[in-house]
Amino acid sequence: MSVTAYQETAELLGRQVREALVDHPAFAAKVRACELERCRATCCHDGVYLSTEEADGVRKLLAENREKFLSYGLTLPDDAILSVRGGRSLKTATRLADEGELATDYPAHFPKTRCVFLDREGRCGIQRLSMELGRSPWFDKPLTCWIHPIVILPETRERPRPVITLVSPENDPQKSADYPGFASCTHCGRPDNDGEPASGVLAAELEMLSKVSGRSLLSELNAESI
């Protein structure tokens, strides 16, 4: 049985995961589980980048269920998928955040925007629809959405294999001189001494990655901790 609507995208991700090294120390670090009341879906503030397959799938889902999405209180543009970076990338559209929508400790360097599929409580309309259709919560969600805050660093000349990891404020790949980073600045992605080991907190995400790759990541991490 398929675990996602985006089979081609999942196959590419699965191939990358099968080849990757697992950063065991990163998954031993403490983080806190997603708490929507606290984070208000901060990770979704700028929408999500999509594969062509995912963009086509989300467009189809929207075309067939627009009234249902509107009933969730969503504000949807005519085209909820944008072409960005000179036409080289696709992503979900965003809207300006309404008063009171953002977390009280929302990162100052993040734009005050929201993915158009978020309702005013920070709930994902795509996930909500999947559940109402009797599918798994992540079935119709783009893969980058449910994988967060796990990061798969691609192979480079200095790094001959991909690495499955959690980034820190020090090594966030999106960090620059004037941008403190992305994943390490979201609530579930930043280190938290009051949290629990990431391997347990993110067990569902790791299990999903295991399903698309045929590799038991949780078993590998648990074996390391024994």
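Which residues touch the most other members of the largest nonpolar core? In this predicted model, that core holds 48 residues, and the ones touching the most other members are Leu13, Phe27, Phe69, Phe117, Ile150, Ile164 and Leu209. Several helices contribute, since H1, H2 (24-28), H4 (52-71), H5 (125-132), H6 (143-147), H8 (203-213) and H9 (217-225) each supply at least two residues of this core, and H4 gives the most, with five residues. In soluble globular proteins, nonpolar side chains tend to be buried together.

We can begin with helix H1, which runs over residues 7-19. At 1.5 Å a residue, its 13 residues should span 18 Å, and because its end C-alpha atoms are 18 Å apart, the model agrees with that expectation. Within H1, the residues Thr9, Ala10, Leu13, Gly14 and Val17 are buried; they cover an arc of only 135 degrees around the axis, so they lie on the same side of H1. On the other side of this helix, Glu8 and Leu12 are exposed.

The next step leads to H4 and H5, and two packed helices are described by the angle between their axes and the distance between the axes. The axes of H4 and H5 come within 11 Å and cross at roughly 80 degrees, which means that H4 is roughly perpendicular to H5. From H4, the contact is made by Val58, Leu61, Asn65, Lys68 and Phe69, and from H5 by Gly125, Ile126, Leu129 and Glu132. Leaving aside its neighbours within four places in sequence, Phe69 is in contact with Leu61, Leu62, Leu74, Leu76, Phe117, Gly125, Ile126 and Leu129. Apart from the largest core lies another, of ten residues, among them Leu102, Phe110, Val151 and Ala183.

Definitions and conventions. Residues are numbered from 1 along each chain as its sequence is written. This is a predicted model: local features need pLDDT of at least 70, side-chain atom pairs count only at pLDDT 80 or more; totals for chains, interfaces and linings use all residues. Side-chain values use heavy atoms; hydrogens and water are left out. Helices (H or I, at least four residues) and strands (E, at least two) are DSSP runs, numbered from the N terminus. The expected span of a helix is 1.5 Å times one less than its number of residues. Buried means under 20% relative accessible area, exposed over 50%, partly exposed in between (1.4 Å probe, protein chains only). The arc is that of the directions from the helix axis to the C-beta atoms. A nonpolar core is a set of buried Ala, Val, Leu, Ile, Met, Phe, Trp, Tyr and Cys residues joined through side-chain atoms within 4.5 Å. Contact means heavy atoms within 4.5 Å. Axes are lines fitted to C-alpha atoms, for helices over the stretch in contact, and angles run from 0 to 180 degrees between N-to-C directions. Angles under 35 degrees count as roughly parallel, over 145 as roughly antiparallel, 65 to 115 as roughly perpendicular and the rest as oblique.
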